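Got a model open and wondering where to start? Let's walk through it as a chat, one question at a time.

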Amino acid sequence: MRFKLIMFDLDGTLGYLEGKERVDQFLLRLYSKKLSERFQIQEEKVRSVLMEVVSYIKSTPKLPKTVSEVMFNEISERLGVNECELREVTDDFYNNEFDEMKKRYKTLEGAKEAVEMAFHLSPKVAIATDSIVRRVGVLKRLEWINLIHYPYCFITSADDNYATKPHLQFYKEILDKCNCDPHESIMIGNRIKNDIIPAKKLGILTIHIKDEEDPFSLEADYNVDSIKDVPVILRKIFST
């Protein structure tokens, strides 16, 4: 068997947030408000700092620290707050405010069938969501769309990764965790910059799911209209 690993992006690929906000925008709004109220800092300043920190983290991996470790270090320093207290309020955020997303986070039609087809065809399947959100937040979203109860070889998160998308290191970490080479792997996602281009650079076969922001990818090996079309493409790939 040539292919041994199939990776799925999460937001926009398997699940989506109803409304005009993206998941990252929704969380930025809620988390900024939470920190503003707890530390009595102007919400606009908190939001600005959070955006700066995300940009800093995405600029290059800060090895040997995980994404969450760097995030806590940078936010506490830039806001001038105690890091231990920041961790406590963040844990509280994920246990409470984060769940406000639940009623709006939905499964994309065909997602379950695509994941189950992947497990049927491939010995290993991974969730390759951008590693800005902590592990608990990723697992909750998978639970909300009923895709948590599968034996994934790796699920990316801020607690488990040292790099974020679109760095090649992000994909190398998944390959390492799942013990697979790039030419044995497939990446499925809806973002050209984050999901398709970096994976393709490593020699990973790519399937791009079209959406309004990224309607077509010249870089991808395959372009499909929705996640519903992925099982057909996977069967085609594994039959050749």
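Q: Which residues of helix α8 (residues 192-201) are buried?
A: Keep in mind that this is a predicted model. Buried here means under 20% relative accessible area. In α8 the residues that make that cut are Ile192, Asn194, Asp195, Ile196, Pro198 and Ala199.

Q: What covers the buried residues of α8?
A: Look for the elements that sit over Ile192, Asn194, Asp195, Ile196, Pro198 and Ala199, the buried set of this helix. The cover includes a helix and two strands, namely α7, β6 and β7.

Q: Which residue just after α8 takes a positive phi, and what is the value?
A: Step off the end of α8 and you come to a glycine, Gly203. The phi of Gly203 is about 95°.

Q: What is the strand order of the open sheet?
A: The sheet has 6 strands, and the pairing is parallel. Strands of a sheet pair through backbone hydrogen bonds, either parallel or antiparallel. Reading across this one, the order is β5-β4-β1-β6-β7-β8.

Q: Which strands stand at the edges of the sheet?
A: An edge strand has a single partner, so one side of it is left without a neighbour in the sheet. The strands in that position are β5 (154-155) and β8 (222-224).

Q: Which residue in β8 stands opposite Ile209?
A: Strand β7 (residues 205-209) pairs with β8 in the parallel sense, over 3 bridges. Follow Ile209 across to β8 and you land on Val224.

Q: What angle does the direction of helix α9 (residues 230-239) make with that of β7?
A: Helix α9 packs on the sheet and touches β1 (5-8), β6 (185-189), β7 and β8. Set the direction of α9 against that of β7 and the angle is about 160°.

Q: Which residue in β4 stands opposite Met7?
A: β1 and strand β4 (residues 124-127) run parallel, joined by 4 bridges. Across from Met7 you'll find Ala126.

Q: Which residue in β5 stands opposite Ile127?
A: β4 and β5 also pair in the parallel sense, here over 2 bridges. Facing Ile127 from β5 is Ile155.

Q: Which helix gives the largest share of the largest nonpolar core?
A: This core has 63 residues, and those with the most contacts inside it are Phe8, Leu14, Leu35, Ile188, Ile207 and Leu234. The largest share is 8 residues, and it comes from helix α1 (residues 23-39).

Q: Which residues does Ile188 touch, not counting residues up to four places away in sequence?
A: Ile188 is one of the residues with the most contacts inside the largest nonpolar core. With the sequence neighbours set aside, its contacts are Ile6, Met7, Phe8, Asp9, Thr13, Ile207, Ile209, Ile227, Val230 and Leu234.

Q: How many residues are in the second, separate core?
A: Some members to click on are Ala128, Phe170, Tyr171 and Ile204, which this core includes. Its residue count is 16.

Q: Is Leu79 buried or exposed?
A: Leu79 is in helix α3. Leaving aside neighbours within four places in sequence, Leu79 is in contact with Leu35, Ile41, Val46 and Val49. Its relative accessible area is 8%, and the cut-off is under 20%, so Leu79 counts as buried.

Q: Which residue does a cis peptide bond join to Lys165?
A: Omega for this bond is about 5°. The partner lies in the loop between β5 and α7 (168-178). It is Pro166.

Q: Where is Pro64?
A: A cis peptide bond joins Leu63 and Pro64, with omega at about 5°. To find Pro64, go to the loop between α2 (43-59) and α3 (67-79).

Q: Is Gln40 buried or exposed?
A: Gln40 lies in the loop between α1 and α2. Its phi is near 55°, a positive value in a residue other than glycine. Relative accessibility comes to 68%, so Gln40 counts as exposed.

Q: What is the volume of the largest cavity?
A: The count comes to 1 cavity of 30 Å³ or more. Residues lining the largest cavity include Ile57, Pro61, Val70 and Tyr162. The volume is about 40 Å³.

How values were computed
Residues are numbered from 1 along each chain as its sequence is written. This is a predicted model: local features need pLDDT of at least 70, side-chain atom pairs count only at pLDDT 80 or more; totals for chains, interfaces and linings use all residues. Side-chain values use heavy atoms; hydrogens and water are left out. Two strands pair if DSSP finds at least two bridges between them. Contact means heavy atoms within 4.5 Å. Axes are lines fitted to C-alpha atoms, for helices over the stretch in contact, and angles run from 0 to 180 degrees between N-to-C directions. A nonpolar core is a set of buried Ala, Val, Leu, Ile, Met, Phe, Trp, Tyr and Cys residues joined through side-chain atoms within 4.5 Å. Buried means under 20% relative accessible area, exposed over 50%, partly exposed in between (1.4 Å probe, protein chains only). On a 1 Å grid over the protein atoms alone, a cavity is a set of points where a 1.4 Å probe fits but cannot get out, and a pocket is an open set with protein on both sides within 12 Å along at least five of seven lines; lining residues have an atom within 4 Å of a point. Grid points are joined across faces, edges and corners, and a volume is the space filled by probe spheres set on the points.
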